[in-house]
Amino acid sequence: MFSDGITTAGSAEHAALRDASKALAAAGFERADAIVDGGIQDTASLKALTTADFPSDGVVMDARLPLETIAHKLGSATLPAMKVTVPGAAWVWPDTIEARSRATRCWSTPICRPMRRCGW
């Protein structure tokens, strides 16, 4: 879908969006993706719709991306949301990497070390 995500008619509740997605999934839709444009955007609503009850999660992407990138993301399988853990770490951020296209790069670094408590 091409949208700014702003509700102009109907319910803006995420539960109502999920119900609508269930109906689309029952009709055979496999995945919903959103290409976002506009000055004011509600990407949270679009995220709720694209990761609803479809067999595969979709992605929300910026319309200003190069056309080749948009086409690649639309044609690529998605990965489910992943919890981030670092053995021995006191905390991590973000704690979850949201569902994403396999075309999205994630960086990791080998320099993560457990935090030490300051002896104040």
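These legends go with several close-up views of one predicted model.

**View 1. The whole chain: three helices and seven strands.**
This is a predicted model of a chain with 120 residues. From the N terminus on, the elements follow the order β-α-β-α-β-α-β-β-β-β. Buried residues account for 21% of the chain. The accessible surface is about 8700 Å². Carbon and sulfur atoms hold 58% of that surface. Now take the contacts between residues at least 6 apart in sequence: 64% of them join residues at least 24 apart.

**View 2. The open sheet: β1, β2 and β3.**
Which strand stands in the middle of the order? The order is β1-β2-β3, with β2 in the middle. The pairing is parallel, and the sheet is open. Strands β1 (2–3) and β3 (60–62) are at the edges. Each has a single partner strand, so one side of each has no neighbour in the sheet. Strand β2 covers residues 34–36. Two bridges join β1 to β2 in the parallel sense. In one pairing to look for, Phe2 has Ile35 of β2 as its bridge partner.

**View 3. Helices on the sheet: α2 and α3.**
Helix α2 spans residues 43–50 and packs on the sheet. Which strands does α2 touch? Helix α2 touches β1, β2 and β3. The direction of α2 makes about 165° with that of β2. Helix α3 spans residues 67–75 and lies across β2 and β3. Helix α3 runs at about 175° to β3.

**View 4. The start of the chain: Met1.**
Met1 sits in the segment before β1. Is Met1 buried, partly exposed or exposed? Its relative accessibility is 40%, so Met1 counts as partly exposed. Met1 and Ala34 are 33 residues apart along the chain. Their C-alpha atoms are separated by 4.8 Å. Leaving aside neighbours within four places in sequence, Met1 is in contact with Ala32, Asp33, Ala34, Ile35, Leu46 and Leu49.

**View 5. A serine in a helix: Ser21.**
Ser21 belongs to helix α1, residues 14–26. Is Ser21 buried or exposed? Ser21 counts as buried because its relative accessibility is 0%. Which residues is Ser21 in contact with, leaving aside neighbours within four places in sequence? They are Leu49, Ala52, Asp53 and Phe54. Leu49 is also among the contacts of Met1.

**View 6. A loop residue: Gln41.**
Gln41 lies in the loop between β2 and α2. Gln41 has 35% relative accessibility, so this residue counts as partly exposed. How far apart are Gln41 and Ile6 in space? They are 6.2 Å apart, C-alpha to C-alpha. Along the sequence, 35 residues separate them.

**View 7. Charged pairs: three salt bridges.**
A search of the whole structure finds three salt bridges. One joins the side chains of Asp33 and Arg31, at 2.9 Å from N to O. Asp33 has a relative accessible area of 14%, so Asp33 is buried. Another joins the side chains of Asp62 and Arg64, at 2.7 Å from N to O. Asp62 is partly exposed, at 27% relative accessibility. Arg64 is exposed, with a relative accessible area of 69%.

Asp95 forms a salt bridge with Lys83. The closest N and O atoms of this pair are 3.9 Å apart. The pair links distant parts of the chain, 12 residues apart. Asp95 is in the loop between β5 (82–83) and β6 (96–97), while Lys83 is in strand β5. Asp95 is partly exposed, with a relative accessible area of 45%. Lys83 counts as exposed, at 61% relative accessibility.

**View 8. A cis peptide bond: Trp93 and Pro94.**
Most peptide bonds are trans. The bond between Trp93 and Pro94 is cis. Its omega is about -5°. Pro94 lies in the loop between β5 and β6. Asp95 is found in that loop too.

**View 9. Confidence along the chain.**
The chain averages a pLDDT of 77. A score of at least 70 is reached by 75% of the residues. Where is the pLDDT below 50? It is below 50 over residues 109–116. Beyond near neighbours in sequence, this stretch has seven contacts in the model.

Conventions
Residues are numbered from 1 along each chain as its sequence is written. This is a predicted model: local features need pLDDT of at least 70, side-chain atom pairs count only at pLDDT 80 or more; totals for chains, interfaces and linings use all residues. Side-chain values use heavy atoms; hydrogens and water are left out. Helices (H or I, at least four residues) and strands (E, at least two) are DSSP runs, numbered from the N terminus. Buried means under 20% relative accessible area, exposed over 50%, partly exposed in between (1.4 Å probe, protein chains only). Contact means heavy atoms within 4.5 Å. Accessible areas come from the Shrake-Rupley method with a 1.4 Å probe; for residues, only the protein chains shown count as cover. Two strands pair if DSSP finds at least two bridges between them. Axes are lines fitted to C-alpha atoms, for helices over the stretch in contact, and angles run from 0 to 180 degrees between N-to-C directions. A salt bridge is a side-chain nitrogen of Lys or Arg within 4 Å of a carboxyl oxygen of Asp or Glu. pLDDT is the predictor's confidence in each residue, from 0 to 100.
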